[in-house]
Structure formats: C-alpha cells, structure tokens
Amino acid sequence: MAFSTATAYFAPQPFPLNTASPRSHDNPLITPASASPFFGSTPKLRLSPSPKFNLHRRSGSGVSVSQVVKEKKPKSTRSLLITKDEGLELYEDMVLGRAFEDMCAQMYYRGKMFGFVHLYNGQEAVSTGFIKLLKQQDSVVSTYRDHVHALSKGVPARAVMSELFGKTTGCCRGQGGSMHMFSREHNVLGGFAFIGEGIPVATGAAFTSKYTREVLKEVDCDHVTLAFFGDGTCNNGQFFECLNMAALWKLPIVFVVENNLWAIGMSHLRSTSDPQIYNKGPAFGMPGIHVDGMDVLKVREVAKEAIARARRGEGPTLVECETYRFRGHSLADPDELRDPAEKERYAARDPIKALKKYIIESNLASEAELKAIDKKIDEVVEDAVEFADESPVPPRSQLLENVFADPKGFGIGPDGRYRCADPKFTEGTAHV
Ligand SMILES: Cc1ncc(C[n+]2csc(CCOP(=O)(O)OP(=O)(O)O)c2C)c(N)n1
Ligand SMILES: [Mg+2]
C-alpha cells in the first residue's frame, strides 16, 4: 500500500493546537474531547496509532528534534534518520534562512527596502524540511513571507536581496519586492500579497503536470507542486475550492499550512471553526496530517511521504505544520499582542538549535564543522547585501513593462501624443 511506509508518521493525531498550553489572551473556543480516529478519505488511509512512536506528541518545553530519532532508534544498531550530508544540508539551509532574514531586518531599518517586509524567523524547519526534497522541476508557491522559500528552492541570496532592494539584479528585476519573489528558472511561482492567492496558482501548476503527463503523454513528467500558506489563510475561499479541485482531479500537490498560530494579531483559535486544520483534508477526500513544524526531521519525514505520494499520481495531501514566528507579523509590527510567555515557550524550541543539538549528539558532525557553516553563510549574506547595494536601480521606463494594463490607457495629452510616451510620465511614481 502506497502509504504504508509512512504508517508511523501519519498515524496518531494530536490534540487540538496548544490546548495543553492555551495561547495569549485565549481560552480555546472549542476543545474537542479526543483526537479524531479518522485519517484520510479511504479505509486504506486509516492508519492505526503506534503506541511507542507518537510523532505528534507535544513537548511542552525544550527541543524535540531528536525525539523522533530516539524513539525510532533501538539502543544499538539501527541507522539514523539522516546521513551526515543530509544533516549538514538541512542545517545550512536553515541557517541561511535565519541569517538572511536577520540581515533583512537590519537593511529595512536602514531604509534599504520599501513597503512591507515579512520575516520567516522560527519557521525554517518547514521550508527546509519540504523544499530540500524537491527536484528543480518541482514548483513552489509561497505567500508574502516568501524570501526563505525562494532561498530553499535555490534562488541565489544575491537575487533575493537585490529584489528586496528594488534593484535590476533582483529575481524580478526589482519590480516585485519582498512579497513577490519569482524565478522561472527555479520554479518559484511567486510570493503573493493577497492571502490565498497563491493556492489557485499552485493548483494550476499541479494541473499542468498532470495534463503534461496524461494528455500530452510525456509520461516522465512527475513534477510536484508545494503550496505554502498560513493558518489564517485556511479560512479563505480559495483554500476550500482548491482542495476540492485537487482531490477531484488527483493533482500532484501538497498543501502545506504553516500554522504559526496567528494571523497578524488574530489568534487561530478565535477565528476558525475547527482549529485542527489537518481535519479539513479528509473532508475533501485527501489525507490530512499534523506535524511538529519546529522539528525539521519530523517535517521531512512527513514531507517525503506526501511528495512521493503526489509523484506516484496518488493525489494531494494536506499537511499542517505547527510552527511559530519569532518576530512580529511584519517589520512594521511592534509585536505587542502576543504573550511573552508564549514567545518564550516557542523560542525554547528553536528549530535550528534543536537540529544543531541533534547533529552533535548523534556525532554526525562536530561543533567546529557547524561553525564553519555559520561563517560561510554569514559571508553569503554579506556578499548578497554588497551585491544588492552596488547594483543599479531599474530605469524609469521599466515601470511600464510587464504590466497588464496598456499604458496607452492613460490617454492622449494636450500635445496629441500618448501621455505614457512623455519621458516625464513616470516621474514621482517610484524611487528611481
Ligand atoms: C485577501 C486578503 N485579505 C486580507 C489581507 C490582510 N492580511 C495580510 S496578512 C494576513 C494574515 C494572514 O495570516 P496567516 O495566513 O496565518 O499567515 P502568516 O502571516 O501567519 O504567515 C491578513 C489577513 C490580505 N493580505 N489579503
Ligand atoms: Mg499565521
């Protein structure tokens, strides 16, 4: 059976989010008495809980990244979940995400970036755990919190930073900015400022893969699409419509919910009828899985199976990753709404520190090796800033490129010529 290898990972379902530790200002509006026994749309996906290996067990405090391995690993010989190379790749990618975002904060406050900038600190295990399993041809669709998804998918730090600086060397020639990372080459199909807008795009990308394989008969086409979005977005219509279509057409897509418990200042529990988002998968005929999104190894194990399932043509999966953002909603948010105790609780589960601890404790690599990676990443990020800073700003004329509206629609001026043909037409409209 297709899913059988993942029995251990897809089995026991958790308690509702954080009922063990209610969030700031909140008493949960509903508290389901027990976890649902139903895991998927068909009997074959009804997986029995394993008593000794509960992937979803909540750890109230402290790191948990190694728990999955400890539980799996008998005392002596059984091999680790990851090889040294894999461990270092995950570590490097997460450190890159963190260091890049920290640098963004600095650059934003120095006035190098414009508009809203939403950082990903704390959520790295989700991006890394999923995207590092993809092939180049697979697609990623993100949100406005998109820098790190782009980096994980291989868009160079220089191109992402330049985009943030609004420079021609950015991955969208400086025309997209923070919320609109896009790279055709890397199949990053965009960040989206409107919440939920990326979900139909991802569904369309997955449809393209299926059409290519089944209608155009390119039988080797097994491309998978990952759609990332937040908990708040799961209350939007596109989410439901696309889950329906994806299940109906068995599309090769994984819907990855990054449930960081907040939508700007709105608590997840106060805004959602059933806060267990993964429960919504079976309603549409696809498996719904919850995973600890602060634990990259757990995310990776779930991601492996969901991606493999999509590649095998068995259809979509909904994965809810419980995670946390370490900073405010955007860099303009003073972050005064969330309870400091809640922040501390999640800070203690920092996914990077947890992976580092695991790597060292299981002798996959030494502290010195990890330090060398930290140093290398610092250099990559410094270099990205220098590169972005030195890059040219786009010419004013670029403002009229790649826009759907025909600039001629601005009409004809008193001189009888199109207004847009006047070199001064775009003056004052942007910092160029
Ligand atoms: C269609 C739409 N409605 C409202 C907004 C305003 N808005 C921006 S971010 C956000 C919260 C989204 O929260 P969530 O999906 O949990 O993502 P997170 O920011 O936590 O990553 C809202 C409502 C928007 N951008 N688009
Ligand atoms: Mg959220």
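Q: Which residues point one way from β3, and which point the other way?
A: Strands here are DSSP runs of E at least two residues long, and helices are runs of H or I of at least four, both numbered from the N terminus. In a regular strand the side chains alternate between the two faces of the sheet. In β3, one side has I253, F255, V257 and N259, and the other has V254, V256 and E258.

Q: What kind of model is this?
A: Residues are numbered from 1 along each chain as its sequence is written, while chains are lettered from A and ligands numbered from 1 in the order in which they are written. Local features need pLDDT of at least 70, side-chain atom pairs count only at pLDDT 80 or more, and totals for chains, interfaces and linings use all residues, for this is a predicted model.

Q: How many of the residues of β3 are buried?
A: A residue is buried if 20 or more other C-beta atoms lie within 10 Å of its own, exposed if 12 or fewer, and partly exposed in between, with C-beta atoms placed from the backbone. Strand β3 covers residues 253–259 and is mostly covered. The residues pointing either way from β3 are all buried, and the count is 7 of 7.

Q: Which helix does the chain pass through between β2 and β3?
A: Strands pair if DSSP finds at least two bridges between them, and β2 and β3 run parallel with 6 bridges. One of the bridge pairs is T225 with I253 in β3. The β-α-β crossover between these strands is right-handed (with the strands pointing away from the viewer, the path from the first strand over the helix to the second runs clockwise). The chain crosses through residues 237–248, helix α8.

Q: Which residue of β7 stands opposite N259?
A: On β3, the strand β7 (residues 317–322) pairs in the parallel sense over 6 bridges. N259 is buried in β3, and its opposite number in β7 is E322.

Q: How many bridges join β6 to β7?
A: Strand β6 (residues 288–292) has 5 of its 5 residues buried, with G288, H290 and D292 on one side and I289 and V291 on the other. D292 stands opposite E322 in β7. With helix α11 (residues 296–311), β6 and β7 make a right-handed β-α-β unit. These two strands run parallel, and the number of bridges is 5.

Q: Which helix gives the largest share of the largest nonpolar core?
A: A nonpolar core is a set of buried Ala, Val, Leu, Ile, Met, Phe, Trp, Tyr and Cys residues joined through C-beta atoms within 7 Å. The largest one has 91 residues, and V160, A227, V254, V256 and V319 have the most contacts inside it. Its largest share is 10 residues, from residues 84–109, helix α3.

Q: Which residues are in contact with V256, leaving aside neighbours within four places in sequence?
A: Contact means that two C-beta atoms, placed from the backbone, lie within 7 Å. V256 is among the residues with the most contacts inside the largest core. Its partners are V126, F130, L226, A227, F228, V319 and C321.

Q: Why does A246 count as buried?
A: A246 lies in helix α8 and touches T203, A206, L251, I253 and P316, not counting residues up to four places away in sequence. The C-alpha atoms of A246 and G315 are separated by 7.3 Å, although these residues are 69 apart along the chain. A246 is buried because the other C-beta atoms within 10 Å number 30.

Q: Which helices do the buried residues of α6 pack against?
A: Helix α6 is mostly covered, with 9 of its 9 residues buried. V160 and M161 are among these buried residues. They pack against α3, α5 (147–152) and α14 (367–390).

Q: How many residues surround ligand 1?
A: Shell residues have a C-beta atom, placed from the backbone, within 6 Å of the ligand, and the closest are I195, G230, G232, T233 and A263. β2 (225–230) and β4 (262–263) each supply at least two of the shell residues. The number surrounding ligand 1 is 14.
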